[in-house]
Amino acid sequence: MEEKNPNILYNYCSADTFYEIIKSKSLRLSDITKSNDSQELKWVFTRFKEDFSLSYLYKYGRENNVEVYKKVLEYADGIFQNSYVCCFSKDRDSLSQWRGYAADGTGLSLGIDASSIYDTSTSSIKLLKVEYDENTQKDFIAQNVTKLVSRDIGEITDQVIFDVLFELLEKATQYKHHSFYTENEYRFVYTTSLGKGSLSYYYEKRSEANKNTNLAKKEEKPSIKSYIDLCLNQGFSSAGLDLSPLSIRKDNLVSYYDLGFRRIKDTFIREVIIGPKCKLDRDDILLFLHALGYDLDAMIDKGFSISKSDSTYT
């Protein structure tokens with residue numbers, strides 16, 4: 001039986017990040033490839049290419065239909081699209097989370113009403129439960145390899161290849177290495193149609209066009225601006241997202257979207273857990289929420305709570 005999504009999910013953060021979330025009344029979805037897992041998205045396709053190569057060569061031989069073989073591998077390398085995630089745990093008071101994501105326990109755990117976002121009937125944002133089991137991941141990859149190699153070679157069309165690769169891509173956003181299993185992570189995911197490496201492609205094409213005297217007119221040159229606007233603005237109104245300038249994080253430029261909850265702020269924040277080494281107390285948080293326009297009476301009447309972590313971590 002499929003596990004039901006939790007109603008409340010917890011975002012562990014530093015006191016500074018907590019301040020920004022409450023003040024801006026928004027959550028940040030950041031580029032998944034800039035996370036703390038260097039193999040985000042990559043592992044699935046590395047494994048797929050290995051399994052596909054073995055299965056394809058075993059069935060069709062090394063010398064037969066090399067074009068199809070090379071095409072699948074080439075498309076797999078170019079399939080990556082920019083996916084943006086905001087990560088949560090279903091655990092409200094987890095020592096590993098305090099250490100890893102809440103400034104070594106000096107931060108807070110913010111419980112939010114996840115159900116108000118993952119009603120996908122009106123949103124292009126998906127809530128995904130992260131899968132850590134390596135056997136489950138390998139089985140899924142093997143099933144998709146079979147979808148290709150079980151066909152006659154002439155049936156492996158571009159459409160068939162892309163159908164398989166996009167199914168892999170969607171799953172790849174919820175697969176993580178098993179060493180992260182204690183996180184019990186759920187993540188909100190928003191995927192654009194902007195492919196990795198595509199901007200470099202348009203850059204090179206426009207640069208070439210500028211050298212070509214036959215392409216003197218501006219409209220005949222490929223436009224990077226138009227391509228970015230088209231890819232990144234799709235689904236905005238239904239997802240409630242705002243594209244924001246890139247931020248600097250650990251000497252890296254990270255693109256992100258902000259998902260606002262201003263209209264539902266008094267029911268969206270359900271719980272605050274103060275970290276084991278956090279210097280804030282309940283009065284600090286109540287005064288802060290009031291100063292920023294949150295209706296404390298309405299929140300408390302809906303079950304809002306503030307508590308201290310049970311962890312004795314010091």
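## Exposure and overall make-up

A residue counts as buried under 20% relative accessible area, as exposed over 50%, and as partly exposed in between. At 47% relative accessibility, Asp-77 therefore falls in the partly exposed class. The model discussed here is predicted.

The protein chain has 314 residues, of which 42% are buried. Its secondary structure consists of 12 helices and 10 strands. Among contacts in the chain with a separation of 6 or more, 81% are between residues 24 or more positions apart.

## Nonpolar cores

The largest nonpolar core has 36 residues, and the members that touch the most others are Phe-18, Ile-269 and Val-272. Leaving aside residues up to four places away in sequence, Ile-269 touches Ile-22, Leu-110, Gly-111, Ile-112, Phe-261, Tyr-294, Met-299 and Phe-304. Another core, of 32 residues, lies apart from the largest one; Ile-32, Ile-79, Leu-128 and Leu-168 are among its members. In soluble globular proteins, nonpolar side chains tend to be buried together.

## Strand E9 and its partners

Strand E9 covers residues 269–274, and five of its six residues are buried. With strand E4 (residues 108–113), E9 pairs in the antiparallel sense over five bridges. In this pairing, Ser-109 has Ile-273 of E9 as its bridge partner.

E9 is also joined to strand E10 (residues 305–308), here in parallel, by four bridges. Glu-271 has Ser-305 of E10 as its bridge partner.

## Salt bridges

Side chains of opposite charge can pair when their charged atoms come close. The salt bridges in the model number 13. In one of these, the side chains of Lys-49 and Asp-77 meet at 2.4 Å, N to O. Lys-49 belongs to helix H2 (residues 42–60) and Asp-77 to helix H3 (residues 66–78), so the salt bridge ties together parts 28 residues apart in sequence. Lys-49 is partly exposed, at a relative accessible area of 23%, and Asp-77 is likewise partly exposed, at 47%.

A salt bridge within a single helix joins the side chains of Glu-134 and Lys-138, with an N to O distance of 3.6 Å. Both residues lie in helix H5 (residues 134–149), four residues apart, or about one turn of the helix. Glu-134 is partly exposed, with a relative accessible area of 31%, and Lys-138 is partly exposed with 24%. Glu-185 and Arg-187 also form a salt bridge, with their closest N and O atoms 2.9 Å apart. Both Glu-185 and Arg-187 are buried. Through salt bridges that share partners, Lys-176, Glu-183, Glu-185 and Arg-187 are joined into one network.

## Aromatic pairs

The whole structure contains 15 aromatic pairs. For Tyr-19 and Phe-288, the ring centres are 5.4 Å apart and the planes lie at 15°, so this pair is stacked. Tyr-19 is in helix H1 (residues 15–24) and Phe-288 in helix H11 (residues 282–291), and the pair links distant parts of the chain, 269 residues apart. Tyr-19 is partly exposed, with 37% relative accessibility.

The rings of Tyr-190 and Tyr-257 have centres 5.2 Å apart and planes at 80°, so this pair is edge-to-face. Tyr-190 is in strand E6 (residues 185–195) and Tyr-257 in strand E8 (residues 252–260), so the two rings tie together parts 67 residues apart in sequence. Both tyrosines, Tyr-190 and Tyr-257, are buried. Elsewhere, one aromatic cluster is formed by Phe-48, Phe-52, Tyr-56, Tyr-60 and Tyr-69.

## Charges over rings

Arg-28 lies over the face of Tyr-256, at 3.6 Å from the ring centre. Lys-171 has a similar placement over the face of Phe-140, with a distance of 5.6 Å from the ring centre.

How values were computed
Residues numbered from 1 in each chain as written. Predicted model: local features only at pLDDT ≥ 70, side-chain atom pairs only at ≥ 80, totals over all residues. Heavy atoms only, no water. Core = buried A, V, L, I, M, F, W, Y, C linked by side-chain atoms within 4.5 Å. Buried < 20%, exposed > 50% of the residue type's maximum accessible area, 1.4 Å probe, protein only. Contact = heavy atoms within 4.5 Å. Salt bridge = Lys/Arg side-chain N within 4 Å of Asp/Glu carboxyl O. Helix = DSSP H or I, 4+ residues; strand = E, 2+ residues; numbered from the N terminus. Phe/Tyr/Trp six-rings, centres within 6.5 Å; stacked < 30°, edge-to-face > 60°. Lys NZ or Arg CZ within 6 Å of the ring centre and 35° of its normal. Pairing = 2+ DSSP bridges.
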